Amino acid sequence: MASGGTLLFIFTALCVTAVKSLFLKVECKAENVGHFGQQSLLECVVKTSTDITDPTIHAVAWKKLTSTEDEGDLVLGFNRGKWGRPKRGYRFAEPSWDEKNMNVSLLITNTAVADDGYYKCMVITDSGDDRMVTTLKVQARYSVLTVHSIPEKIVPNSDSTLICESHGGYPKGTLRWFDEEKHEWTKSSEMEATQSDDGLFQLTSRLSLLRGSTFPKYTCAVFNASGGKEDEFTFETNIPPPSLHGSEEGQGSNTVGISKIVVPLVVIGSLMVGLLCVLLIYRWRSQLRLIDFHLSPQPVKADGHTSPSLVLLEVSCCLKGVFPSHCRQSAYS
């Protein structure tokens, strides 16, 4: 097996001197999707015109590019029956591939984030040569969401924070917040995205909950770079809706206001009733003083003793303005 450097030099010289043929074309799928940790296939085949029979491939080279204009690094090569030393994890899709096989697709056995990007496939045959650029989009699904609060138990009428986390995804996604009425609160949150050594992202979002405006439930959802929702988690704060907060506070304030009005009225009313009673008693006693009378002769029974009942009767007559002959008015008005 030829060394990688020698094979690369020979292949580069062949690519420079080769003439593009109108009878041969390399056709590749423009965009390929690969999943992190799994196999990825970059599909390319050599197409020839009907004038060409039994074509033979002299050389194939797969290069990883940093841009469409870049020459790139060789990841898999074949030149006139000799194999270059491929980079780990790269090989032809068909294990028994040979120079008569027009399927030159590239297989990546264990896809990593670093494999994302542009690739160039160059083919030289006995009938001409061609090249084509294709892309690999690496994706990794985000993990199941976790949500917790600070403090651990949310107290009504106090500030708190919800923290939502998801990791192991690629490309960079987003975390979004919704209340139980599906209203979005993402603009009130702060999200941080950090990338680990393997290129995967960890997303962390913090949503501040202000006193008096906290809902009973919040849902955190993770969306991938394409806008697709991958997972969601609903967190219950066990706090009544803000509308109920307001009504309870309103009822409380109304009760306090009513109490402030009713209590003084009750006190004032009690004082007025008491004062009225005093005035009535005073008036009654004043009337008693205005009528000074005595009974002459004193009403007596047949046995000669004074009768209290007769005295009361006479007093009543005097108070009503009826003055018997034995009742003396000293003052009247």
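Reader: Which backbone oxygen does the side chain of Tyr119 reach?

Author: The backbone oxygen of Asp115, at 2.7 Å. That is a polar contact. The term covers a pair of N or O atoms within 3.5 Å; within protein, one must be able to donate a hydrogen and the other to accept it, and residues adjacent in sequence count only if both atoms are side-chain atoms.

Reader: What kind of model is this?

Author: This is a predicted model, where local features need pLDDT of at least 70 and side-chain atom pairs count only at pLDDT 80 or more, while totals for chains, interfaces and linings use all residues. Residues are numbered from 1 along each chain as its sequence is written, and side-chain values use heavy atoms, with hydrogens and water left out.

Reader: Back to Tyr119. Where does it sit?

Author: Tyr119 is in strand S10. Strands (E, at least two residues) are DSSP runs, as are helices (H or I, at least four), and they are numbered from the N terminus.

Reader: Is Tyr119 buried or exposed?

Author: Tyr119 is buried, with a relative accessible area of 0%. Buried means under 20% relative accessible area, exposed over 50%, and partly exposed in between (1.4 Å probe, protein chains only).

Reader: What does Tyr119 touch?

Author: Leaving out residues up to four places away in sequence, its contacts include Leu42, Trp62, Tyr90, Ile108, Met132 and Leu136. Contact means heavy atoms within 4.5 Å. Leu136 is 17 residues from Tyr119 along the chain, and their C-alpha atoms are 7.6 Å apart.

Reader: What stands opposite Tyr119?

Author: Lys64 does. Strand S10 spans residues 117-125 and runs antiparallel to S5, with eight bridges joining the two.

Reader: How many strands are in the open sheet, and in what order?

Author: Six, in the order S2-S11-S10-S5-S6-S7. The pairing is mixed. Two strands pair if DSSP finds at least two bridges between them.

Reader: Which strands are the edges?

Author: Strand S2 (31-35) and strand S7 (82-83). Each pairs on one side only.

Reader: New topic. How many disulfides are there?

Author: Two. A disulfide is a pair of cysteine sulfur atoms within 2.5 Å. Cys28 and Cys44 form one of them, with the sulfur atoms 1.8 Å apart. Cys28 is in strand S1 (residues 24-28) and Cys44 in strand S4, so this pair ties together parts 16 residues apart in sequence.

Reader: Which hand does the link of Cys28 and Cys44 have?

Author: Right-handed, with 115 degrees about the S-S bond. Cys28 and Cys44 are both buried.

Reader: And what does Cys164 join to?

Author: A disulfide joins Cys164 to Cys220, S to S 2.0 Å. The torsion about that S-S bond is about -85 degrees, so the disulfide is left-handed. Cys164 lies in strand S13 and Cys220 in strand S17, so the pair ties together parts that are 56 residues apart in sequence. Both cysteines are buried.

Reader: What about Cys121?

Author: Cys121 is in no disulfide. The nearest cysteine sulfur belongs to Cys44, 4.4 Å away. Cys121 is buried too, at a relative accessible area of 0%.

Reader: Switching again. How many salt bridges does the structure hold?

Author: Five. A salt bridge is a side-chain nitrogen of Lys or Arg within 4 Å of a carboxyl oxygen of Asp or Glu. Asp54 and Lys100 make one of them, with their closest N and O atoms 3.3 Å apart.

Reader: Why does that pair tie together separate parts of the sequence?

Author: Because Asp54 lies in the loop between strand S4 (44-48) and strand S5 (57-65), and Lys100 in the loop between strand S8 (90-92) and strand S9 (106-108). Those parts are 46 residues apart in sequence. Asp54 is exposed at 57% relative accessibility, and Lys100 is partly exposed at 42%.

Reader: What does Asp159 meet?

Author: Arg211, in a salt bridge of 3.6 Å, N to O. This pair links distant parts of the chain, 52 residues apart. Asp159 is in the loop between strand S12 (146-150) and strand S13 (160-169), and Arg211 in the loop between strand S16 (201-209) and strand S17 (217-223). Asp159 is partly exposed at 44%; Arg211 is exposed at 54%.

Reader: Which residue does Arg131 bridge to?

Author: Asp129, at 3.7 Å, N to O. Asp129 is buried at 5% relative accessibility, while Arg131 is partly exposed at 37%.
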